[in-house]
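Biologist: I'd like a close look at one part of this model, told in plain words for someone in their first year. Could you take your time with it and join the pieces up as you go?

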Amino acid sequence: MARATNSVASRKRRKRLLRSARGFRGRRSKLFRYAKDALYKARYWAYRDRKTRKREFRALWIQRINAACRNSGLTYSRFMEALKKAGIIMNRKMLAELAVRSSEDFNRFLEVAKEGKSAS
């Protein structure tokens, strides 16, 4: 008796995988065997780097805030400590945006931080 391979489902599965690998270079987009490995790695890296991106952006925001604070003679850690004591809850993303785009608004936060620092 002939071996049943379920070729319709197999072809559909392979076609779907090759369609996902469409933008890859060379045999990684043409041949099922190599496309399967390429997609496995691509998905692994995408999952891993979604977490890495969050980490890198937070570091960037902290660097921007720190640079803006140091122009006024204050360090990042002292600035964040003073904001917390003053009861100002602002995330790092928004503080970094203010530091880059609207320095006069950021300077208001710096003044509040300096007042809090001198009072304690």
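Biologist: How many salt bridges does the structure hold? Please start there, look closely at where they sit, and then take me into the core.

Modeller: Keep in mind that this is a predicted model. The structure holds five salt bridges, and here are some of them.

Let's begin in helix H4, where Lys-85 and Glu-81 both lie. Lys-85 makes a salt bridge with Glu-81, and their closest N and O atoms are 3.7 Å apart. The two residues are four apart, about one turn of the helix. How open are they to the outside? Lys-85 is exposed, because its relative accessible area is 60%, while Glu-81 is partly exposed, with 35%.

Now move along to helix H5. There the side chains of Arg-101 and Glu-97 meet in a salt bridge, at 2.9 Å from N to O. These two are four residues apart in H5, so about one helical turn separates them. Arg-101 counts as exposed because its relative accessibility is 66%. Its partner Glu-97, at 31%, is partly exposed.

Helix H6 has a pair of its own. Arg-108 forms a salt bridge with Asp-105, and the closest N and O atoms there are 3.0 Å apart. The spacing is three residues this time, so Arg-108 and Asp-105 are again separated by about one helical turn. With a relative accessible area of 57%, Arg-108 is exposed, whereas Asp-105 is partly exposed at 25%. There is also a network: salt bridges that share partners link Arg-78, Glu-81 and Lys-85. So the Glu-81 and Lys-85 we met in H4 belong to that network.

Let's turn inward. In H5, the buried residues are Leu-95, Ala-96, Leu-98 and Ala-99. They sit on the same side of H5, because they cover an arc of only 160 degrees around the axis.

Pick out Leu-95 from that group, and it will lead you into the core. Leaving aside neighbours within four places in sequence, Leu-95 is in contact with Ile-65, Phe-79, Met-80, Leu-83, Met-90, Phe-106 and Phe-109. Some of those names come back straight away. The largest nonpolar core has 17 residues, and the ones that touch the most other members are Ile-65, Cys-69, Phe-79, Leu-95 and Phe-106. Which elements build this core? Those giving two or more residues are helix H3 (32-71), helix H4 (76-86), helix H5 (92-101) and helix H6 (103-119). H4 supplies the largest share, with five residues.

That brings us to H3, which is worth following along its length. This helix has 40 residues and reaches 56 Å from its first C-alpha to its last, close to the 58 Å expected at 1.5 Å a residue. Even so, H3 has a bend of about 25 degrees at Asp-49. Its buried residues are Ala-35, Ala-38, Leu-39, Thr-52, Ile-65, Ala-68 and Cys-69. You have already met Ile-65 and Cys-69 as core members.

Stay in H3 for one more residue, Asn-66. It is partly exposed, with a relative accessible area of 22%. Not counting residues up to four places away in sequence, Asn-66 touches Thr-75 and Tyr-76. Asn-66 is also 33 residues from Ala-99 in sequence, with their C-alpha atoms 9.4 Å apart in space. Remember that Ala-99 is one of the buried residues of H5. Just after H3, Gly-73 takes a positive phi of about 80 degrees.

Gly-73 has a companion in this respect at the start of the chain. Asn-6, in the segment before H1, has a positive phi of about 55 degrees although it is not a glycine. Why point that out? Most residues other than glycine have a negative phi. Asn-6 counts as exposed because its relative accessibility is 54%.

From there, step into helix H1 (residues 7-20), where you'll find Ala-9. At 35% relative accessibility, Ala-9 is partly exposed. To get a feel for how far apart two places can be, try Ala-9 and Val-112: they are 103 residues apart along the chain, and their C-alpha atoms are separated by 66 Å.

Methods. Residues numbered from 1 in each chain as written. Predicted model: local features only at pLDDT ≥ 70, side-chain atom pairs only at ≥ 80, totals over all residues. Heavy atoms only, no water. Core = buried A, V, L, I, M, F, W, Y, C linked by side-chain atoms within 4.5 Å. Buried < 20%, exposed > 50% of the residue type's maximum accessible area, 1.4 Å probe, protein only. Contact = heavy atoms within 4.5 Å. Expected span 1.5 Å × (residues − 1). Bend = angle between axes of the 7 residues up to and from the residue. Salt bridge = Lys/Arg side-chain N within 4 Å of Asp/Glu carboxyl O. Arc of directions from axis to C-beta.
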